[in-house]
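Work through the exercises below with the sequence and the model side by side, and try each task before reading its solution.

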Amino acid sequence: RSGEVAVQILQTLSILTQNIQSEQAIYFLFSNNHVNQIISQDFNFQDDEVLGYYISFLKTISLKLNSGTVQFFFLKKKRSAAANEASLTAAGGTRQHEGSSAGGCPQIKSADDAAGSGSGGPGRDGSN
């Protein structure tokens with residue numbers, strides 16, 4: 001994706017996102033997965049103008065994130081404990097303490113996971 005159309009889309013979305021005041025509107029914009037699809041597009045980053053507007057768009061999104069909206073940008077893939085144990089054993093690794101990945105880095109958990117909340121809420125059904 002390159003050229004004037006990509007620049008115009010990124011610029012327009014940045015302005016739109018930046019000017020949203022309502023928390024409900026932010027939830028709506030982020031929860032429908034369209035923003036994720038735009039972020040993951042294969043833009044031509046060799047074009048400095050496209051790169052600049054893409055970075056500006058990401059910065060605008062980051063300024064609107066909070067503990068309730070960041071959930072829409074996580075990939076939620078669940079593996080069973082048995083599958084995790086099998087992959088560690090096959091790799092010759094040892095079992096890590098709970099909360100750590102095989103690489104020793106802490107796993108990212110949502111605020112609801114950490115609090116133990118079972119509430120559904122928007123976007124928590126794995127559709128995003």
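Three exercises follow, each with a worked solution.

This is a predicted model, in which local features need pLDDT of at least 70 and side-chain atom pairs count only at pLDDT 80 or more, while totals for chains, interfaces and linings use all residues. Residues are numbered from 1 along each chain as its sequence is written, and side-chain values use heavy atoms, with hydrogens and water left out.

**Exercise 1. The chain as a whole**

Find how many helices and strands the protein chain has, and what share of its residues is buried.

Solution. Begin with the elements, which are DSSP runs numbered from the N terminus (helices are H or I with at least four residues, strands E with at least two). The protein chain has 6 helices and 0 strands, and its pattern along the sequence is α-α-α-α-α-α. Next, take burial, where buried means under 20% relative accessible area, exposed over 50% and partly exposed in between, using a 1.4 Å probe and protein chains only. Of the 128 residues in the protein chain, 23% are buried.

**Exercise 2. Two residues of one helix**

Decide whether I9 and S14 count as buried, partly exposed or exposed.

Solution. First locate I9 in helix α1, which covers residues 3–19; S14 lies in helix α1 as well. Then apply the cut-offs: I9 counts as partly exposed because its relative accessibility is 42%, whereas S14 counts as buried because its value is 5%. Finally, look at the surroundings of S14, where contact means heavy atoms within 4.5 Å. Leaving aside neighbours within four places in sequence, S14 is in contact with Y53, S56, F57 and T60.

**Exercise 3. How α1 meets α4**

Describe how the axes of α1 and α4 are arranged, and which kinds of residue form their contact.

Solution. Start with the axes, which are lines fitted to C-alpha atoms, for helices over the stretch in contact, with angles running from 0 to 180 degrees between N-to-C directions. Those of α1 and α4 come within 9 Å and cross at roughly 20°. The two helices α1 and α4 are therefore roughly parallel, a term for angles under 35 degrees. Now turn to the residues: α1 contributes, among others, L10, S14 and T17, and these meet a set in α4 that includes Y53, F57 and T60. The residues of this contact divide into 8 nonpolar, 7 polar and 2 charged, where Ala, Val, Leu, Ile, Met, Phe, Trp, Tyr, Cys and Pro count as nonpolar, Asp, Glu, Lys and Arg as charged, and the others, Gly among them, as polar.

Conventions
Parallel < 35°, antiparallel > 145°, perpendicular 65-115°, else oblique.
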